[in-house]
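Student: Could we go through the terms used for this structure and check, one by one, what justifies them?

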Amino acid sequence: YQRRVHGSGYHLTKDEFEQADYCLRAADKVASPADGPAAAAEILAEVHLRWGKYYLHLLELSNSMRAQGVTSPMRFPAADPDTLFELEGLAPPFETLPVVATFDAARAVFKKGNGHLEKAEKVYVLDGFVTDHIGVKQDMSQLYRVLALFEPDKDRQIAMHKRRVALYGGIIGEINVSIYGPRLRQIFFELGETYKVIVDLRLEQKLEQFLNTLHVTHKENTSLLISSTDATALPPPEELDEEYFRPWIMAHIHIARFYTAMQAASYEEAADFIEKAIQRYKYLQAGAKQHSMYGREDLQEELKACQE
């Protein structure tokens, strides 16, 4: 069972959907342990979680392919008979898989993935499975994010991103920050980026009456990311793990951009917003220099944007 479940994850990293699907179908057949109902429930929940990741990856890769103009089915080599599992009724791996190219097709894949994740969520409850529960919610959020890329209507896109925000409503404020701080920072950063997407969509629609409210809400969420890293805000935090370099940089860039995008009521207020944005960029540069971020190639694009 473990070999089949974890094998699916390995094959997905190589875009081998036929093998990942085959492993998961095999896991479905053997996921019936004799260790009692609790153990069986956890094993089945893990299978559902893996199926959710499978459909999420399918949507992500399909979106990338259609952006490149590729809509022909994905083709895979015929399976080696010596590698097949000896399980009665288990069909061999498929050899073709359609690229998801339309919203209707994407919605069908989304429903399958989200359905599996909802089943996993019933077992991975917040009380007892905090890390797994958050992971399920994050996968659900990503399913909505990718589905929105297939949706042409901006109002419906916005509704999907709002669903992403709502997914975390029962988590924030319910878990211990000192124990689960890293996972909370991931959530705060994702919420900030989600609100930015909503703001950008509203800008495209030229619905200015919504902008200031969304800017402030997004600023609050990105501020939560920063304050959870260092409550004093100024000067730059003395300790900052490398895995949080980019989220920390992007959070400050987002806040600075919000100041310059805010709708000012007067020239003086506009000047004040610009000054706050400049100070935020200077603060970011000081922190980047303090933690030697300028030597990191993977951060050069963000730091260059800050300099500009």
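Tutor: What follows is a series of questions about a predicted model, each answered by setting a value against its cut-off.

Student: Before the terms, which elements does the chain contain, and in what pattern?

Tutor: The chain holds 11 helices and 2 strands, and along the sequence the pattern reads α-α-α-β-β-α-α-α-α-α-α-α-α. Of its 308 residues, 45% are buried, while about 16300 Å² is exposed, with carbon and sulfur atoms supplying 52% of that area.

Student: Why are α4 and α5 called roughly antiparallel to each other?

Tutor: Helix α4 (residues 103–123) and helix α5 (residues 130–150) pack at an angle of about 170°, their axes being 10 Å apart. Angles over 145 degrees count as roughly antiparallel, and α4 and α5 therefore earn that description. Among the residues that make the contact are Phe103, Phe110, Asn114 and Leu117 of α4, together with Val136, Met140, Leu143 and Phe150 of α5.

Student: What is the make-up of the contact of α4 with α5, in nonpolar, polar and charged residues?

Tutor: The residues of that contact divide into 11 nonpolar, 3 polar and 5 charged.

Student: Asn114 was named in that contact; what makes Asn114 count as buried?

Tutor: Asn114, which is found in helix α4, has a relative accessibility of 9%. The cut-off for buried is under 20%, so Asn114 counts as buried. Leaving aside neighbours within four places in sequence, Asn114 is in contact with Met140 and Leu143.

Student: How do you know that Gln157 is buried?

Tutor: Gln157 lies in helix α6, and because its relative accessible area is 14%, set against a limit of under 20%, Gln157 is buried. Not counting residues up to four places away in sequence, Gln157 touches Ala148, Glu151, Pro152 and Leu201. Gln157 and Leu201 are 44 residues apart along the chain, and their C-alpha atoms are separated by 8.2 Å.

Student: Why is Asp15 called partly exposed, and what is its phi?

Tutor: Asp15 sits in the loop between α1 and α2. Its relative accessibility is 30%, and values between the buried limit of 20% and the exposed limit of 50% are called partly exposed, so Asp15 counts as partly exposed. Its phi is positive, about 60°, although Asp15 is not a glycine. Most residues other than glycine have a negative phi.

Student: What makes Ser292 count as exposed?

Tutor: With 55% relative accessibility, Ser292 counts as exposed, because the cut-off for that term is over 50%. Ser292 is found in the loop between α10 (267–290) and α11 (300–307), and its phi, near 55°, is likewise a positive value in a residue other than glycine.

Student: Turning to the interior, which residues have the most contacts inside the largest nonpolar core?

Tutor: That core has 41 residues, and those with the most contacts inside it are Phe17, Tyr54, Leu59 and Met74. Helices α1 (2–13), α2 (17–30), α3 (37–67), α4, α5 and α6 (154–167) each supply at least two residues, and α3 gives the most, with 12 residues. Not counting residues up to four places away in sequence, Tyr54 touches Leu12, Phe17, Ala20, Asp21, Leu24, Phe94 and Leu97. A second, separate core of 21 residues includes Tyr244, Ile255, Tyr259 and Ala288.

Notes. Residues numbered from 1 in each chain as written. Predicted model: local features only at pLDDT ≥ 70, side-chain atom pairs only at ≥ 80, totals over all residues. Heavy atoms only, no water. Axes fitted to C-alpha atoms, helices over the stretch in contact; angles between N-to-C directions. Helix = DSSP H or I, 4+ residues; strand = E, 2+ residues; numbered from the N terminus. Parallel < 35°, antiparallel > 145°, perpendicular 65-115°, else oblique. Contact = heavy atoms within 4.5 Å. Nonpolar A, V, L, I, M, F, W, Y, C, P; charged D, E, K, R; others polar. Buried < 20%, exposed > 50% of the residue type's maximum accessible area, 1.4 Å probe, protein only. Core = buried A, V, L, I, M, F, W, Y, C linked by side-chain atoms within 4.5 Å. Areas by Shrake-Rupley, 256 points an atom, 1.4 Å probe, with all protein chains shown as cover.
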